Amino acid sequence: MKKILLSIILITSMIWIVSCDIDRTQLSDNIEAPKNINLPVSGQWRIEEYRMNTTSTMEEEKAESYLGMEILFHNEFISAGEDYFTKPSFRIKNVDAADYLVYNYKTTPDFLDIDTDKIEIVSVAAEQFLYEFIKISDEEIIVNIEGTFFYLNKISEEIQDKKLETKQLTENVLLDTEESLEEDAIKTGILLGLKSLDLEAQNEDMEKWNYRTIFISSNNKEIVSIHEMEDILLPRKTGFWKVKVEREDNDGKLNDNIIAYPLNKTLDQENDLQIKKEEKTENTYKNILYVGNDYISIENIHYRNKGQRYLEFYPIDNITKVKPLMISDVLGEVGKEAFIEGANKEILREKEEYKNSLIDLKPNEESFGLFRRNGYWIFKGRINFVEDGIYRYENFNIKTIPPKEIVYYDELSISWNRIKSKVPEALDVFTSPNEDIAIILTHNNIFVHTLENDKINNVPVEIIELKPAEKIVMAEWAVGRYPKLWEEEFLKQVEN
């Protein structure tokens, strides 16, 4: 039971292809794992040790439960516990140890006892198994899970015959259940979380947003299904969650509560919501800017005061946290420095009207969020201030790429300029990990285009009408056999 639980935790943390290309560097090698090549990581490995970083979101007890778990790397499959994935490929890149660890994990080589300037990173992919391993030596590798570093030691180059036979038998059974055409099919799915302005509330001089989720599935570049539901259906490492905003009216005082809960929750929902209401009674409107696997970015609007609009960032697991996260909590000191630099450059230096001002323009480290720009998620900070008795704010760019712990997949297979040249009215775009479809947003529609040889086909295969001022706040991709699983869960929720 222990190994099954551990494998589920590890594999599910790897299978969700969600909303980041961390360093966007080129990989030095791409090995497709033929039998006559020595794999960069192969054989039987066991997790022997762990170290928890300051950014770790994992409990100590959970980290300890990983100890003893075995992972097998073979030229035909990869397995962890009871789960396995076929047709593996390996990518290798050599990077500067300090830069890589600070940028990706907000830590240093000394923390991991790495004493070399350069390290080898092995990206292992098989179906939707996708993870990066830090190769210390031929006998030791390190993998990061939820901010915790796990050390794996090699047990044997050869995988025990019984284990190999079991994996191959399981693979044969699964292969027999699918036709060969299905095995070779390019299967892609995407969950899009969207928000739109509530026109009725706007007519009453109130701000309110409605949220919905659209699921799009394609098979060999042919759209096979499109579904829609209210609220946001969020795929997480632990399963599917529902995210929604509920507005309460207490004697004319309006307050939005953001509710996030797992679909398999057993706690009575009404009691759960009541707890959240008791913890937060701000009387503010909440505007969701981004929802990802572990974090949510919002705009908190104090409509009963001076209309202040604060950017706030929270972990999904603790969305009722009294204080929002600081940028150093999620990006470390490097992120804090980029935050301060962005504020100083764009607000204090470049805007003439504020250079000799007595207004307090000191940036608050809690004031940041995620926004879309040219097909990517970007960080922006915000300075809130009062000038001549009027509340104002100024946004500024933070020059740092969201790490994979926040936005897991954020890559364009076609450049933004080429997309704009093909679809001039494009406001935003998402391209799939399979590089088979593109989701293009305009003012009024979502265009679904197929991709061929790094080009967008002229005519969209599907057009979905957008609601007033509708924007995307979540984009989660699934490939391989997972679109079918996601669709089944989606339809369950639609039927409930």
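# A tour of a pocket and two sheets

Start by selecting seven strands: S12 (187–197), S18 (285–291), S19 (295–302), S20 (308–315), S21 (368–373), S22 (376–387) and S29 (471–479). Each of them gives at least two residues to the lining of the second largest pocket. Keep in mind that you are looking at a predicted model.

**Stop 1: the pocket**

Stay with the second largest pocket. Its volume is about 810 Å³. Its lining is made of 36 residues. To find the centre, select Lys195, Asn287, Leu289, Ala469 and Lys471, the lining residues that lie nearest to it.

Now colour the lining by residue class. You should find 16 nonpolar residues, seven polar ones and 13 charged ones.

Which strand gives the largest share of the lining? Select S21: the largest share, four residues, comes from there. Keep S21 selected for the next stop.

**Stop 2: the sheet that starts at S21**

Add S22 and S23 to the selection. Together with S21 they form an open sheet of three strands, in the order S21-S22-S23. The pairing is antiparallel. S21 and S23 (390–398) are the edge strands, and each pairs on one side only. From one strand to the next, the twist averages 40 degrees.

Look along the border of S22 and S23. These two strands run antiparallel and are joined by nine bridges. For one pair to pick out, select Gly381 and then Phe396, its bridge partner in S23.

**Stop 3: two loop residues with positive phi**

Go to the loop between S21 and S22 and select Asn374. Check its backbone. Phi is positive here, about 55 degrees, although Asn374 is not a glycine. Is Asn374 buried, partly exposed or exposed? Its relative accessible area is 39%, so Asn374 counts as partly exposed.

Then move to another loop, the one between S24 (428–431) and S25 (437–441), where Glu435 sits. Glu435 is a residue other than glycine, and its phi is also positive, near 55 degrees. Relative accessibility is 42% for Glu435, which again means partly exposed.

**Stop 4: Arg236 and its contact**

Next, select S15 (residues 232–236) and pick out Arg236 within that strand. Is Arg236 buried or exposed? Relative accessibility is 2%, and the cut-off for buried is under 20%, so Arg236 counts as buried.

Show the side chains of Arg236 and Asp317. A polar contact of 2.8 Å joins the two.

**Stop 5: the sheet that starts at S15**

Leave S15 selected and add S16 and S17. These three strands form an open sheet in the order S15-S16-S17, with antiparallel pairing. What are the edge strands? They are S15 and S17 (253–262), and each pairs on one side only. Neighbouring strands of this sheet are turned by 25 degrees against each other on average, direction ignored.

Finish between S16 (residues 239–250) and S17. Ten bridges join this antiparallel pair. Select Glu246, then Asn257: the second is the bridge partner of the first, and it lies in S17.

**Selections to keep**

- Pocket centre: Lys195, Asn287, Leu289, Ala469 and Lys471.
- Positive phi: Asn374 and Glu435.
- Side-chain contact: Arg236 with Asp317.
- Bridge partners: Gly381 with Phe396, and Glu246 with Asn257.

Terms used
Residues numbered from 1 in each chain as written. Predicted model: local features only at pLDDT ≥ 70, side-chain atom pairs only at ≥ 80, totals over all residues. Heavy atoms only, no water. 1 Å grid on protein atoms, 1.4 Å probe; cavity = no way out; pocket = protein on both sides within 12 Å on 5 of 7 lines; lining within 4 Å. Points joined across faces, edges and corners; volume = space filled by probe spheres on them. Nonpolar A, V, L, I, M, F, W, Y, C, P; charged D, E, K, R; others polar. Pairing = 2+ DSSP bridges. Axes fitted to C-alpha atoms, helices over the stretch in contact; angles between N-to-C directions. Buried < 20%, exposed > 50% of the residue type's maximum accessible area, 1.4 Å probe, protein only. Polar contact = N/O pair within 3.5 Å; in protein donor to acceptor, adjacent residues only side chain to side chain.
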